[in-house]
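Student: Please give me a close look at the aromatic pairing here. Keep it brisk, and start with burial.

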Amino acid sequence: MAELIHFALSNFTLTFLVLGLITGLIVALRKELTRATLAEELLAYFILFTIAIAYFYNFVFHVFFGYLAPVYIGWADSPFQAEVGYASLGFAAVGLLAFKGNCMVRLAAILGPAMFQWGAAAEHVKSIIATGNMAPGNAGIMLYSDILLPVIGFALLWFKRATDQRGVASDR
């Protein structure tokens, strides 16, 4: 059990993605299950868990346990740990606003972290190539999360938007 908890906390991006998708599916199933309901709940809970909660977790980790973050990533400690933490707090706040917000707020909640994650992924790949850094926070699930979470977010946003447009077209 301790290993499972360690895995879940160390790979929090995957943990919160799974929790968000499962919660969204459960909420959708408890309502009248339609394409529109599924699109809304999957997107809402993706944003709540993978942006609002995960970035708050990242804020706490980088600001209050900043000495651990570079060890996990395989980098040297830096005052920038706190700056990453405070940027994460901003993403978390926007994610919380976007949980039940409109399309534009949701786009902003996904777009900001996407730019951060894709930039981080590029730096992680550079670190792997230059130094062979295969630390868990530099390679593996974290690297894949940095690349794929924005793709999943944009796909869910597109699914929601397409479903909304389909509903408007069928109302005419």
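Tutor: Tyrosine 45 and phenylalanine 99 are both buried. Buried means under 20% relative accessible area, exposed over 50%, and partly exposed in between, with a 1.4 Å probe and protein chains only. The model is predicted, so local features need pLDDT of at least 70 and side-chain atom pairs count only at pLDDT 80 or more, while totals for chains, interfaces and linings use all residues. Residues are numbered from 1 along each chain as its sequence is written, and side-chain values use heavy atoms, leaving out hydrogens and water.

Now the rings. The structure holds 10 aromatic pairs. Rings of Phe, Tyr and Trp (its six-membered ring) pair if their centres lie within 6.5 Å. Planes under 30 degrees apart count as stacked, over 60 as edge-to-face, the rest as tilted. Tyrosine 45 and phenylalanine 99 form one edge-to-face pair, at 5.1 Å centre to centre and 75 degrees between the planes. Tyrosine 45 sits in helix H3, and phenylalanine 99 in the loop between helix H5 (80-98) and H6, so this pair ties together parts 54 residues apart in sequence. Helices here are DSSP runs (H or I, at least four residues), numbered from the N terminus.

Next, phenylalanine 59 and phenylalanine 64. Their ring centres are 5.8 Å apart and their planes at 80 degrees, so this pair is edge-to-face. Phenylalanine 59 has a relative accessible area of 9% and is therefore buried. Phenylalanine 64, at 53% relative accessibility, counts as exposed. Ring pairs link both into a cluster with Phe56 and Tyr86.

Methods
Helices (H or I, at least four residues) and strands (E, at least two) are DSSP runs, numbered from the N terminus.
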